[in-house]
Amino acid sequence: MASRQLQQQITVDGQQVLVVRSTRRTRTISADQVAGTLRLRVPVRLSQREIEDHARAFQKKLSRRAARRPRSDEELLARASALSARYLDGVPQPEAVSWSTQQHQRWGSTTSTTGTIRLSSRLREMPVWVQDSVLVHELAHLIEPGHGPSFKALVAKYPRTGEADAFLAGVSWADHHAD
Ligand SMILES: [Zn+2]
């Protein structure tokens, strides 16, 4: 018997899903993306209800994956500008923010003459609120070069500064006690 494919376009929670029913596939359900649209390959006998349940599960998985994707340099700059506006009255005006693989000792650095911020690429895998905290730290350096009381008052405006510092201290500690 020749295998046949039946294609169907459905909408699940407002999102387009291309459903390919194959007579050849008996049990497996697989998913991929075609031009941003979820494509599900399903056994021919699966009910509409089951298809929608699977589509929802795959959509969830894909959006979690997208959330884990590291921020691009453009996204970092947009984020830094937003953090500046929210916590530092928009005073620091970063010109460029980028990931750097050259920084092993520091989580970030700032060149105040050019408004350039670099973040250690090691932060990429860390939670975004930790990245945000390092961004706020570097943004504050565009106002205050040292780490004195006025600097501390600036970074304290970001609510998770203490938590992020503890997180990063834990990472550094683990680095130095690797074996
Ligand atoms: Zn600093």
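Domain bounds here come from an automatic or database domain assignment. With that in mind, welcome to this predicted model, whose chain is divided into domain 1, residues 5–68, and domain 2, residues 73–176. The centres of domain 1 and domain 2, taken over C-alpha atoms, are separated by 40 Å. Let's walk through the strands, then the helices, and finish with a loop.

**The four-stranded sheet**

- Look for an open sheet of four strands, arranged in the order E1-E2-E4-E3 with mixed pairing.
- Its edge strands are E1 (5–12) and E3 (30–34), and each of them pairs on one side only.
- From one strand to the next, the twist of this sheet averages 25 degrees.
- Strand E2 (residues 15–22) and strand E4 (residues 37–43) run parallel and are joined by six bridges.
- To find a spot where E2 and E4 line up, pick out Val20, which stands opposite Arg41 in E4.

**The three-stranded sheet**

- Another open sheet has three strands in the order E5-E7-E6, and its pairing is also mixed.
- Strand E5 (96–100) and strand E6 (108–111) are the edge strands, each pairing on one side only.
- The twist averages 20 degrees from one strand to the next.
- E5 pairs with strand E7 (residues 116–120) in the parallel sense, over five bridges.
- Ser100 is a handy landmark, as it stands opposite Ser120 in E7.

**Helices that meet the three-stranded sheet**

- Helix H2 (residues 73–87) lies across E5 and E7, and it runs at about 130 degrees to E5.
- Helix H3 (residues 128–141) packs on the sheet as well, touching E6 and E7.
- The direction of H3 makes about 30 degrees with that of E6.

**A closer look at helix H2**

- Does the length of H2 agree with what its residue count leads you to expect? Here is the reasoning: at 1.5 Å a residue, its 15 residues should span 21 Å, and the end C-alpha atoms are indeed 21 Å apart, so the two agree.
- If you wonder about the multiplication, the expected span is 1.5 Å times one less than the number of residues.
- Which residues of H2 are buried? They are Leu76, Ala80, Leu83, Ser84 and Tyr87.
- These buried residues cover an arc of only 100 degrees around the axis, which means that they sit on the same side of H2.
- What do the buried residues of H2 pack against? Their partners are E5, E7 and H3.
- The face of H2 turned away from its buried side carries two exposed residues, Glu74 and Glu75.

**The loop after H2**

- Just after H2 comes Asp89, which takes a positive phi of about 55 degrees.
- Gly90 is found in the loop between H2 and E5.
- Is Gly90 buried or exposed? A residue is exposed if 12 or fewer other C-beta atoms lie within 10 Å of its own. Gly90 has 12 C-beta neighbours inside 10 Å, so Gly90 counts as exposed.
- Leaving aside neighbours within four places in sequence, Gly90 is in contact with Ser84 and Ala85. Ser84 is also one of the buried residues of H2.
- Gly90 and Leu119 are 29 residues apart in sequence, and their C-alpha atoms are 20 Å apart in space.

Note on methods: Residues are numbered from 1 along each chain as its sequence is written. This is a predicted model: local features need pLDDT of at least 70, side-chain atom pairs count only at pLDDT 80 or more; totals for chains, interfaces and linings use all residues. Two strands pair if DSSP finds at least two bridges between them. Axes are lines fitted to C-alpha atoms, for helices over the stretch in contact, and angles run from 0 to 180 degrees between N-to-C directions. Two residues are in contact if their C-beta atoms, placed from the backbone, lie within 7 Å. A residue is buried if 20 or more other C-beta atoms lie within 10 Å of its own, exposed if 12 or fewer, and partly exposed in between; C-beta atoms are placed from the backbone. The arc is that of the directions from the helix axis to the C-beta atoms.
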